[in-house]
Amino acid sequence: MPDAFTVITDQILLRCGGAPICAHVGDVRFCPIKKHPTYQELRSQVRLGRSKSTASLRLWESVVTLARDGEQQHREKWLMIALDLLTPYFNGWSKELARNWNYEVSDIRSAMIEGLLAAWTSADDGIPPKKLQEIMMRNAFASARSLVNSGSSETCAESVDIFIPEGGPESVPTLRPSSIIDVGTVRDPDADERIRGERIGSLLQRMGAMDHATCLHSSLRDGRRDGTPIPVITPTQVGRSWVDGRNLYYRISNLLPPHIGFTQAASVLGLSEAQASRKARDGSLSFRILWAGNTRVVSVNSLMHAAGIQDSIVHPDDVENGASHIRGR
């Protein structure tokens, strides 16, 4: 029976296959670096032990950011990758510990994974990735030592199974209706939804950006969502059941670039690049940083969250009605 380390590696290889993987911004389509390795190649290049390199630390920082943001299935994939990048440094030690204490190496490794996961879930969200890596590795060692010192060889690896989706790599997470409309504060969800879309349309028209929205609307009406990183929105996820084209809904962030530069992101929050860099080092920066080579970029979704901007879901008809009203004026 494969141990926990092997299960994680096998699941990552199953999800990623032999296709290029982007550990910079999470999607090769939106990454400024054009050449990407397969996951096997990437894993062999990363050094996170005592001889860790600057490039490996930057890649680790991006992986941690991707594991903290986005949809649940997206986060779970990158958390599995984070675990898989750390486990090579426990291979030899886990074998030695199992031999010295007459334990099954699979039990030792299950305990280590539990230690890594416990450190991840209990760590403060603002802990810098480099510090987080040190905490996770220490906790993995401590968890294995605790196992052998307790005198019991029974451990539980169920925590690994939560990363294995029942529907396989093709399953798509769904959005909850509560993430679209706060029913506790809105009397008429239909009216609220229409007004929200029309306000966005009027703003886009004033900014001269309505042409970009119209291109997205055309793609959605043609049944294409390839240019957006979100799953298709189903009828059960929207407020109005009678509106035509119920699968045309989209998030406001889909009108924006997926990533912007670090300096530009800092300026949105009123920070200089130097101030934002200091906050990033001490873990107090409110948005996440991704490394694309030597360049820092920021997820627009992360920045919107940091700035308190709601990433609402709207319908093309409402957005176009709002823009049409402004043009008529």
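1. Let's start with Ala306 and its contacts. Setting aside neighbours within four places in sequence, Ala306 is in contact with Leu269, Ser286 and Phe287. You'll find Ala306 in helix α13, which covers residues 300-306. Is Ala306 buried or exposed? Neither label fits: its relative accessibility is 25%, and partly exposed is the class between the 20% and 50% cut-offs, so Ala306 counts as partly exposed. One more pair to look up is Ala306 and Arg288, which sit 18 residues apart in sequence and 9.2 Å apart in space, C-alpha to C-alpha.

2. Keep in mind that this is a predicted model. The mean pLDDT of the chain is 81, and 81% of the residues reach 70 or more. Which elements mark the two ends of the scale? Helix α8 (residues 158-161) has the lowest mean pLDDT among the elements, at 45, while helix α6 (residues 105-122) has the highest, at 93. Be careful with residues 153-184, where pLDDT stays under 50. The model does have 57 contacts beyond four places in sequence for that stretch, but where pLDDT is low, the predicted coordinates should not be read in detail.

3. Now the overall picture. The chain has 14 helices and five strands. Of its 329 residues, 44% count as buried. About 17300 Å² is exposed, and carbon and sulfur atoms supply 50% of that area. For contacts with a separation of 6 or more, residues 24 or more positions apart account for 70%.

4. The sheet is a good thing to trace by eye. It is an open sheet of three strands in the order β2-β4-β3, with antiparallel pairing. At the edges are β2 (259-261) and β3 (290-292), each pairing on one side only. Neighbouring strands here are turned by 45° against each other on average, ignoring direction. As background, strands of a sheet pair through backbone hydrogen bonds, either parallel or antiparallel.

5. You can follow the pairing residue by residue. β2 and β4 pair in the antiparallel sense over three bridges, and the bridge partner of His259 in β4 is Ser299. On the other side, β3 and β4 (residues 295-299) are also antiparallel, over three bridges. There, Leu290 has Val297 as its bridge partner, and Trp291 stands opposite Arg296. The hairpin of β3 and β4 has two residues between the strands, and in this hairpin Gly293 takes a positive phi near 70°.

6. Which residue has a positive phi although it is not a glycine? That is Asn102, with a phi of about 55°. It's worth a second look because most residues other than glycine have a negative phi. Asn102 is found in the loop between α5 (91-101) and α6. With a relative accessibility of 73%, Asn102 is over the 50% cut-off, so it counts as exposed.

7. Right after that loop residue, take a look at α6 itself. This helix has 18 residues and reaches 26 Å from its first C-alpha to its last, close to the 26 Å expected at 1.5 Å a residue. Many of its residues can be picked out as buried, including Asp107, Ile108, Met112, Leu116, Leu117 and Trp120. Arg109 and Ser110 of α6 are buried too.

8. Compare that with α14 (residues 316-328). This helix has 13 residues and spans 18 Å from first C-alpha to last, close to the 18 Å expected at 1.5 Å a residue. Its buried residues are Pro316, Asp318, Val319, Gly322, Ala323 and Ile326.

9. How accessible is Asp84? Its relative accessible area is 0%, so Asp84 is buried. Asp84 has its place in helix α4 (residues 72-86). Not counting residues up to four places away in sequence, Asp84 touches Phe5, Ile8, Thr9, Tyr39 and Arg43. Ile12 is 72 residues from Asp84 along the chain, yet their C-alpha atoms are separated by 8.2 Å.

10. Finally, check Arg251, which is found in strand β1 (residues 250-251). Arg251 has a relative accessible area of 13%, under the 20% cut-off, so it is buried. Arg251 and Ile313 are 62 residues apart in sequence but 4.4 Å apart in space, C-alpha to C-alpha.

Definitions and conventions. Residues are numbered from 1 along each chain as its sequence is written. This is a predicted model: local features need pLDDT of at least 70, side-chain atom pairs count only at pLDDT 80 or more; totals for chains, interfaces and linings use all residues. Side-chain values use heavy atoms; hydrogens and water are left out. Two strands pair if DSSP finds at least two bridges between them. Helices (H or I, at least four residues) and strands (E, at least two) are DSSP runs, numbered from the N terminus. Axes are lines fitted to C-alpha atoms, for helices over the stretch in contact, and angles run from 0 to 180 degrees between N-to-C directions. pLDDT is the predictor's confidence in each residue, from 0 to 100. Contact means heavy atoms within 4.5 Å. Buried means under 20% relative accessible area, exposed over 50%, partly exposed in between (1.4 Å probe, protein chains only). Accessible areas come from the Shrake-Rupley method with a 1.4 Å probe; for residues, only the protein chains shown count as cover. The expected span of a helix is 1.5 Å times one less than its number of residues.
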